[in-house]
Amino acid sequence: DPPMKLANKVAIITGAAGGMGQAAAILFAQEGAKVAVIDLKESAAQPTVDQIRANGGKAIAVGADITSTEDVKRIVAGTVAELGVPNILYNNAGIDTEGKKPLIHITEEEFDRTVAVNLKGPWLMMKYVVPHMIEAGGGSVINTASIAAFFACNTAGYCGAKAGVVWMTKAAAVELGRYNIRVTALCPGATRTPMGDKVKAEMHQAVVEVGT
């Protein structure tokens, strides 16, 4: 068997109850990483953990809101206590709260939540994970941005937040390279996930409404 790529590594993955985050958590565990599976509800994250454990891997489920400082501190403290110092932070959690509304119809609450989860959350996770990586001598941060960072294929708030993730990633990469911490952004296009299916349905509905 080829050697496992992530043997003895500890990974924190947000938004890992389903979709790309869940797929990544299972793959990382298969490659030898111990995984902290983070989602809004611990009960939602638990099936991913159960699947990892059933395959002989090690994982914990943490229910937390990545926009909350106290929750983020709890994620990091729990990971360090139960799995060890994180070598990998995968900021995958994202939200599309605005539906397909024109910017003049997006509510302030929808805009704030979109920016909070998609942009503030990854920053807050880096803020509290990176000190552990610096102490450990390095690490890897992966931020899920979107094709919407480069193409206006979604709503104004979502596109703005995801473009922010790209540029925050660039700034963090320049800043943290000296500590042997790699910071990269993934920019997926349309992907068959629960969120992707919801977006597709909303786009179809928007087209129907325009056509009538």
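A contact here means heavy atoms within 4.5 Å. Keep that in mind for the opening number. Take the contacts in this protein with a separation of 6 or more: residues 24 or more positions apart account for 67% of them. One caution before going on: this is a predicted model.

Now the overall layout. The protein has six helices and six strands. Read from the N terminus, the elements run β-α-β-α-β-α-β-α-β-α-β-α. Of the 212 residues in the protein, buried residues make up 45%.

Let's go to the sheet. How are the six strands ordered? They form an open sheet, and the order is 3-2-1-4-5-6. The pairing is parallel. Which strands sit at the edges? Strand 3, residues 59–63, and strand 6, residues 181–186; each of these pairs on one side only. On average, neighbouring strands of this sheet are turned by 15° against each other, direction ignored.

Look at one pair in detail. Strand 1 covers residues 10–14, and strand 2 covers residues 34–39. Five bridges join them, in the parallel sense. One example to find on screen: Ala11 has Val35 in strand 2 as its bridge partner.

Next, what lies on the sheet. Helix 1, residues 19–30, packs on it. This helix touches strand 1, strand 2, strand 4 (88–91) and strand 5 (139–144). The direction of helix 1 makes about 170° with that of strand 1. Helix 5, residues 156–176, also packs on the sheet, touching strand 5 and strand 6. Here the angle is about 165°, taken between the directions of helix 5 and strand 6.

Back to strand 2 for a moment. How many of its six residues are buried? Five, so this strand is mostly covered.

From strand 5, I picked one residue, Thr144. Is Thr144 buried or exposed? Buried, because its relative accessibility is 8% and the cut-off is under 20%. Leave aside residues up to four places away in sequence, and Thr144 touches Tyr90, Asn91, Asn92, Lys162, Val165, Leu186 and Pro188.

Now helix against helix. Two packed helices are described by the angle between their axes and the distance between the axes. Start with helix 1 and helix 2, the latter being residues 42–54. They pack at an angle of about 25°, and their axes are 10 Å apart. That makes helix 1 roughly parallel to helix 2, because angles under 35 degrees count that way. Helix 1 passes helix 2 in a right-handed crossing. Which residues meet there? From helix 1, Gln22, Ala25, Ile26 and Ala29; from helix 2, Thr48, Gln51 and Ile52.

The second pair is helix 3, residues 69–82, with helix 4, residues 108–136. Their packing angle is about 30°, with the axes 9 Å apart. So helix 3 is roughly parallel to helix 4. This crossing is right-handed. Helix 3 brings Thr69, Val72, Lys73, Ile75, Val76 and Val80 to the contact. Helix 4 brings Leu124, Met125, Tyr128, Val129 and His132.

On to the cysteines. A disulfide is a covalent bond between the sulfur atoms of two cysteines. How many does a search of the whole structure find? Zero disulfides. Why does Cys159 not form one? The closest cysteine sulfur is in Cys153, and at 5.4 Å that is too far for a bond; the cut-off is within 2.5 Å. Cys159 is buried, with 12% relative accessibility. Cys187 is partly exposed, at a relative accessible area of 33%.

Last topic: backbone angles. Most residues other than glycine have a negative phi. Two asparagines are worth a look here. Asn8 is not a glycine, yet has a positive phi of about 65°. Where is Asn8? In the segment before strand 1. At 70% relative accessibility, Asn8 counts as exposed. Asn180 is not a glycine either, and its phi is positive, about 65°. Look for Asn180 in the loop between helix 5 and strand 6. Asn180 is exposed too, with a relative accessible area of 55%.

To recap: an open sheet of six strands with parallel pairing, helix 1 and helix 5 packed on it, and zero disulfides.

How values were computed: Residues numbered from 1 in each chain as written. Predicted model: local features only at pLDDT ≥ 70, side-chain atom pairs only at ≥ 80, totals over all residues. Heavy atoms only, no water. Pairing = 2+ DSSP bridges. Helix = DSSP H or I, 4+ residues; strand = E, 2+ residues; numbered from the N terminus. Axes fitted to C-alpha atoms, helices over the stretch in contact; angles between N-to-C directions. Buried < 20%, exposed > 50% of the residue type's maximum accessible area, 1.4 Å probe, protein only. Parallel < 35°, antiparallel > 145°, perpendicular 65-115°, else oblique. Left-handed = near helix turned anticlockwise from the far one by under 90°.
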